[in-house]
Amino acid sequence: KKITRYFFMKELKNWDNKNWLSSKSYINSFNSFLLKKKKLNKNSKILDIGCGRGGIFGSLSKKLKLNNKPIGVDPVPHKDVDKLIDFRNEDVFKFFKTNQNKFDLIMIKQTLHFFNKDKRKKLIKICKNNLKKNGVLIIFSLNTTNNEIPCFKLMKQKLKIGLERDSRMLKSACKLLKDYTIDKFMFKVSITKNKYVQMLRQKYISCLINLTNKQLNKGIKEINDTYSNEIIFRDILICIKYKH
């Protein structure tokens, strides 16, 4: 099980690769939401766990003219990482062993489900211990009910299983945090069917990782038959905020 989760994490290379999640409008909208959760200034220290290419905190660094480069930790060695972040291509627990900083904001965005129960517990505890006074830990996860992500039949089944697991995961995370608030971030996505099919081929979401080419091709045919040339839906994330 541990190997599978780590495999998923390493294989998920395209979640923020030239799609709405890396678009300027998404990043601007997301960062506006983030700054309502935690006021930051040029002296703030921020950490993104599972940062991908680092576009979100890179943009935030530019907006706030941060004196300290945001740190982004990710096990996938991307070549096209945002130059405004301090990218650490390593295991997050290894990072924390040598980390000397306390942070104003730590973000775990759509990453917590890659850790098993024990490691999630350990990670949350470490994050809490590495916050400054009034520092904030924010956990984002896919909305677990009424999710609008365009799916073919098998993808929907796999996603449903994953979201049920995520729901249990978030409940246990909330128990560990004790004092927390819950909100939702919503972004209206408009994407061409061709672009979305390309994302499916690149297995942009973890429920696609272990599908065979035959299963994926069958699913793409379903998408082509079901959706018009423009696909519109809301990308909804649950946001859990803990203040130190």
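This is a short talk on the sheet, the helices around it and the nonpolar cores of one protein chain. The model is a predicted one.

I will start with the sheet. It is open and has seven strands, in the order β3-β2-β1-β4-β5-β7-β6, and the pairing is mixed. The two edge positions are taken by β3, residues 86–88, and β6, residues 181–192. Each of these has a single partner strand, so one side of each has no neighbour in the sheet. On average, neighbouring strands are turned by 20 degrees against each other, if direction is ignored.

Now to β5, which spans residues 131–142. Is this strand mostly covered or mostly open? Mostly covered: nine of the 12 residues in β5 are buried. Look at what lies beside the strand in the sheet. With β4, residues 103–109, β5 runs parallel, and six bridges join the two. Two of the bridge pairs are easy to find on the screen: F103 is partnered with L131, and L105 is partnered with V136. With β7 the pairing is antiparallel, over seven bridges. There, L137 of β5 has Y242 of β7 as its bridge partner.

Next, the helices that lie over these strands. Helix α5, residues 117–129, lies across β1, β4, β5 and β7, and its direction makes an angle of about 145 degrees with β5. In sequence order, β4, α5 and β5 form a β-α-β unit, and that unit is right-handed. Helix α6, residues 153–177, lies across β5, β6 and β7, running at about 160 degrees to β5.

Two residues of α6 are worth a look. A173 sits in this helix. Its relative accessible area is 1%, so A173 counts as buried, the cut-off being under 20%. What does A173 touch, setting aside residues up to four places away in sequence? It touches L112 and I124. A173 and L112 are 61 residues apart along the chain, yet their C-alpha atoms are separated by 9.4 Å. The other residue is S167, also found in α6. S167 is partly exposed, with a relative accessible area of 24%. Here the sequence gap is 27 residues, to N194, and the C-alpha to C-alpha distance is 31 Å.

On to α7, residues 193–201. Which of its residues are buried? They are K193, Y196, V197, M199 and L200. These cover an arc of only 155 degrees around the axis, so they lie on the same side of α7. As general background, an α-helix has 3.6 residues a turn, so residues three or four places apart point the same way. The buried residues of α7 pack against α6, β6, β7 and α8, the last of these being residues 213–226.

That leads to the nonpolar cores. The largest one has 49 residues. Those with the most contacts inside it are W20, F140, I149, M155, Y196, Y204 and L208. The largest share of this core, five residues, is supplied by helix α2, residues 24–37. Apart from this core lies another, of 28 residues, including L47, I139, L170 and I238. In general terms, nonpolar side chains in soluble globular proteins tend to be buried together.

M155 is one of the well-connected residues just listed for the largest core. What is M155 in contact with, leaving aside its neighbours within four places in sequence? The list is I149, P150, Y196, L200, Y204, I205, C207 and L208. Y196 and L200 in that list are among the buried residues of α7.

Last, a few backbone angles. N146 lies in the loop between β5 and α6. Its phi is near 50 degrees, which is positive, and N146 is not a glycine. N146 is exposed, at 67% relative accessible area. K178 is in the loop between α6 and β6. K178 also has a positive phi, about 65 degrees, and is not a glycine either. Its relative accessible area is 68%, so K178 is exposed, the cut-off being over 50%. Finally, K203 follows α7 and has a positive phi near 55 degrees.

That is the end of the talk.

Notes. Residues numbered from 1 in each chain as written. Predicted model: local features only at pLDDT ≥ 70, side-chain atom pairs only at ≥ 80, totals over all residues. Heavy atoms only, no water. Core = buried A, V, L, I, M, F, W, Y, C linked by side-chain atoms within 4.5 Å. Buried < 20%, exposed > 50% of the residue type's maximum accessible area, 1.4 Å probe, protein only. Helix = DSSP H or I, 4+ residues; strand = E, 2+ residues; numbered from the N terminus. Contact = heavy atoms within 4.5 Å. Pairing = 2+ DSSP bridges. Axes fitted to C-alpha atoms, helices over the stretch in contact; angles between N-to-C directions. Right-handed = clockwise from strand over helix to strand, strands pointing away. Arc of directions from axis to C-beta.
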